[in-house]
Amino acid sequence: MFEFKIVTLFPEIFSPFENASLIGKAVEKKILKFTYINLRDYSHDKHRSVDDTPYGGGAGMVIKPAPVFEMLEDVKDSYKVFLTPGGKPYTQSDAARLASLDKPLLLFCGRYEGLDERAVEEFDEQISIGDFVLNGGEVAAMAVVESVSRLLDGVIGNMDSVTEESFSSGLLEYPQYSRPEIFNGKKVPEILLSGNHKLIKEWRKGRSLLKTRKVRPDLFDKYEMSDLEKKLFEKAQKEEKDGTA
Ligand code: 6GU
């Protein structure tokens, strides 16, 4: 059983997420477990406050170190992640690494303008889910939970769909089609109807490379193409140019 310990001032945000779809089923099957920790339970003043104004001035409020240190005393068994836009950009390989942890994964959702640096230093790592700012770490925590969960045995029916998808290969996924064969005058690429699995696989690789270069040149530049892949990429480029794609 994989356990997520979520530290948040808003545990109610997670309830529909935890109960719906594949995550909900995985909880029922006891593959996943969620524990919620409300930082306010570690505040001792009458207003249950966990934040204060920043030293040096400036806008907003900062989460104080004391409740965080006290909370961390209760979760010494966990791998501790602080979710913050100031963290390291999260990738699929981080998801794979976290999914192989042999201890609970604690996700600390920041709120306000930040967290006292002395508390930040207590975490094993800091993660950001992208170059934009959220009001708090809760939505980021859900992104981490979902990306980690689906790599655990038994959460997703067909593990092939995990290994074939975008990023596990370093490329974006090829385009997919389903019935009908012609929709709004647009036809499904002929090759996909051929039943020739080798050619289909090659066509998909070509499209995958083409899409990655167009949408994510950063990923494309990092990817090392084999000789066959170079040919498939050139073929896809030509087909696109000729309008036979
Ligand atoms: Cl992890 N937290 C917040 N508040 N904003 C973010 C983020 C995290 N990742 C991207 N933006």
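**Group meeting: a walk through the sheet and its cores**

Okay, let's start at β1 and β2: the two run parallel, and 6 bridges join them. One of those spots is V7, whose bridge partner in β2 is I37. Before I go on, keep in mind that this is a predicted model.

Now look at the other flank of β1. There we find β6, again parallel to β1, with 4 bridges between the two. V7 turns up here as well, since it stands opposite F108 in β6. So what is the full strand order of the sheet? It goes β2-β1-β6-β5-β8, that's 5 strands in an open sheet, with parallel pairing. Which strands stand at the edges? Those are β2 and β8; each has a single partner strand, so one side of each is left without a neighbour in the sheet. From one strand to the next, the twist averages 35°. And if you rotate the view to find α6, you'll see it packing on the sheet, where it touches β1, β2, β5 and β6. The direction of α6 makes about 160° with that of β6.

Back to β1 for a second. How many of the residues of β1 are buried? The count is 6 of 6, so I'd call β1 mostly covered, taking under 20% relative accessible area as buried. The side chains split by direction: F2, F4 and I6 point one way, E3, K5 and V7 point the other way, and all are buried. Yes, that includes E3 and K5.

That takes us to the cores. As a general remark, nonpolar side chains in soluble globular proteins tend to be buried together. Here, the largest nonpolar core has 32 residues, and F4, L83, L105 and L107 are the ones with the most contacts inside it. Who contributes? At least two residues each come from β1 (2-7), α2 (21-28), β2 (32-37), β5 (79-89), α4 (92-99), β6 (105-109) and α6 (138-149). Which element gives the most? That's α6, with 6 residues. There's also a second, separate core of 18 residues, and its members include L39, Y42, V68 and F108. You've met F108 already, as the residue opposite V7.

Let me zoom in on L83. If we leave aside neighbours within four places in sequence, L83 is in contact with L107, F108, C109, G110, I127, G137, A140, A141 and V144.

Next, the aromatics. The structure holds 8 aromatic pairs. Take F82 and F123: a tilted pair, 5.6 Å centre to centre, with 35° between the planes. This pair links distant parts of the chain, as F82 is in strand β5 and F123 is in the loop between α5 (117-120) and β8 (125-128), 41 residues apart. Buried or exposed, these two? F82 has a relative accessible area of 6%, so it's buried, and F123 counts as buried at 9%.

Another one is F220 with F233, also tilted, at 5.1 Å centre to centre and 45° between the planes. Here F220 is in helix α9 (residues 217-222) and F233 in helix α10, 13 residues apart, so again distant parts of the chain are linked. Both rings belong to buried residues: F220 is at 12% relative accessibility, F233 at 7%. And there's a cluster, too, in which ring pairs link F2, F4, F14, F34 and Y36. Remember that F2 and F4 point one way from β1.

Two polar residues before I stop. N38 is found in the loop between β2 and β3 (51-52). Its relative accessible area is 18%, and because buried means under 20%, N38 makes the cut. A polar atom of the N38 side chain lies 3.0 Å from the backbone nitrogen of R40. Not counting residues up to four places away in sequence, N38 touches T8, L9 and P11.

And then E229, over in helix α10 (residues 227-242). Buried or exposed? E229 counts as buried, at 10% relative accessibility. Which residues is it in contact with, leaving aside neighbours within four places in sequence? The answer is K205, L209, Y223 and E224. One more distance: the C-alpha atoms of E229 and E202 are separated by 8.3 Å, with those positions 27 residues apart along the chain as the spacing.

That's my tour, thanks.

Key. Residues are numbered from 1 along each chain as its sequence is written. This is a predicted model: local features need pLDDT of at least 70, side-chain atom pairs count only at pLDDT 80 or more; totals for chains, interfaces and linings use all residues. Side-chain values use heavy atoms; hydrogens and water are left out. Buried means under 20% relative accessible area, exposed over 50%, partly exposed in between (1.4 Å probe, protein chains only). Contact means heavy atoms within 4.5 Å. A nonpolar core is a set of buried Ala, Val, Leu, Ile, Met, Phe, Trp, Tyr and Cys residues joined through side-chain atoms within 4.5 Å. A polar contact is a pair of N or O atoms within 3.5 Å; within protein, one must be able to donate a hydrogen and the other to accept it, and residues adjacent in sequence count only if both atoms are side-chain atoms. Rings of Phe, Tyr and Trp (its six-membered ring) pair if their centres lie within 6.5 Å; planes under 30 degrees apart count as stacked, over 60 as edge-to-face and the rest as tilted. Two strands pair if DSSP finds at least two bridges between them. Axes are lines fitted to C-alpha atoms, for helices over the stretch in contact, and angles run from 0 to 180 degrees between N-to-C directions.
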